[in-house]
Amino acid sequence: MALNNQERTEIWARFQDDESKIRRSIDVDKSDLRAAVDAMDDWWDTVEAAGNAAIPQPARSALTGRQKKYLFMLLLQTRFNLEV
Amino acid sequence: MASRFVFDASNHEPPAATFPSPAVIDATDERRRVLEFSGTTQQNTSFAVIVPADFSANFTAEFFYTMASGTTGNAQWRCEIEAVTPNVDTLDLDSADSYATANDAAADTVPGTAGHLASVSDELTNGDSAAAGDMIRFRVTYLTASTAAGNAHLHRVEIRDAA
């Protein structure tokens, strides 16, 4: 299920504030940034089922949806930190 | 045009909520103190002075600002005036405000590099009938209608008049 408008808005606002606090440039305007948030969330909605299917058994069935999202978040966070 | 007042971060009188945060943006030597306005939550603050004896309408506000992150789009500033004549006006300062209609500066294209200084002027045609001797407040707002991403840093506000 995609995030609702308020949840997307909060992400959009938090990103701007976080980047502002560390003085990192945002080279798009607000509307383009919002379009990116919307598109990324829509994309997640599209590929979530495929991502789940890629998890081998027994983990696919034994882990809860929340656990699988947490695992994915840790993977993404590590990739973010390592910039890979 | 005569320059009458120059306000900085130390002069502001914030409201109870939704006000900009004082910030230091040149941490190397801690010299640049600014007011950081959110780009996504509309915030305002005020600066209070006494209208000089030789005041000549209108006031004009000049906003000196940098963007924290935004490098494209525009910044939109607003200034409202509240003028209170002592011993005449009956406004209860304990509990009320009385700002005149807003004066919005034209949307100002932000510099292509965050941290570069820009300025934009805003003639305050809605001046609340300010006259010499009045206590006056200038309420400054960074509008969330601004299209540039990220927060805005207000360095100074210069107030000029027609004298």
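S129(B) sits in the loop between β10 and β11 of chain B, and it is a good place to start reading this predicted model. Its phi is positive, about 55°, although S129(B) is not a glycine. With 11 other C-beta atoms within 10 Å, S129(B) is exposed. Another residue of that loop, D128(B), also has a positive phi, near 55°, and is not a glycine either. Is D128(B) buried, exposed or partly exposed? It has 19 other C-beta atoms within 10 Å, and since a residue needs 20 or more to be buried, D128(B) counts as partly exposed.

Follow the chain out of this loop and you come to β11, residues 135-142 of chain B. This strand belongs to an open sheet of four strands, in the order β4-β11-β7-β8, with antiparallel pairing. Strands of a sheet pair through backbone hydrogen bonds, either parallel or antiparallel. Here β4(B) and β11(B) are joined in the antiparallel sense over eight bridges, and F47(B) stands opposite F138(B) in β11(B). Which strands stand at the edges? They are β4 (43-50) and β8 (103-104) of chain B; each has a single partner strand, so one side of each is left without a neighbour in the sheet.

After β4(B), look at the loop that leads to β5 (59-67), where N58(B) is found. The peptide bond from A57(B) to N58(B) is cis, with omega near 0°.

Now step back to see chain B as a whole. It has 12 strands and zero helices. Its C-alpha atoms fill a box of roughly 50 × 35 × 30 Å along the principal axes. The radius of gyration is 16 Å, which agrees with the value near 15 Å for a compact globule of 163 residues. Of those 163 residues, 40% count as buried. Among contacts in chain B with a separation of 6 or more, 82% come from residues 24 or more positions apart.

Chain B also touches chain A, and the contact takes 15 residues from each of the two chains. On the side of chain B there are four nonpolar, 11 polar and no charged residues.

In chain A, P58(A) lies in the loop between α2 (30-54) and α3 (59-62). A cis peptide bond joins Q57(A) and P58(A), with omega about 10°. Further along comes α4(A), residues 65-82, which reaches 26 Å from its first C-alpha to its last, close to the 26 Å expected for its 18 residues. The number of buried residues in α4(A) is zero, so this helix lies largely in the open. Just after α4(A), E83(A) takes a positive phi of about 55°.

Definitions and conventions. Residues are numbered from 1 along each chain as its sequence is written. Chains are lettered from A and ligands numbered from 1 in the order in which they are written. This is a predicted model: local features need pLDDT of at least 70, side-chain atom pairs count only at pLDDT 80 or more; totals for chains, interfaces and linings use all residues. Helices (H or I, at least four residues) and strands (E, at least two) are DSSP runs, numbered from the N terminus. The expected span of a helix is 1.5 Å times one less than its number of residues. A residue is buried if 20 or more other C-beta atoms lie within 10 Å of its own, exposed if 12 or fewer, and partly exposed in between; C-beta atoms are placed from the backbone. Two residues are in contact if their C-beta atoms, placed from the backbone, lie within 7 Å. Ala, Val, Leu, Ile, Met, Phe, Trp, Tyr, Cys and Pro count as nonpolar, Asp, Glu, Lys and Arg as charged, and the others, Gly among them, as polar. The radius of gyration is taken over C-alpha atoms; the globule rule is 2.2 Å times the number of residues to the power 0.38. Two strands pair if DSSP finds at least two bridges between them.
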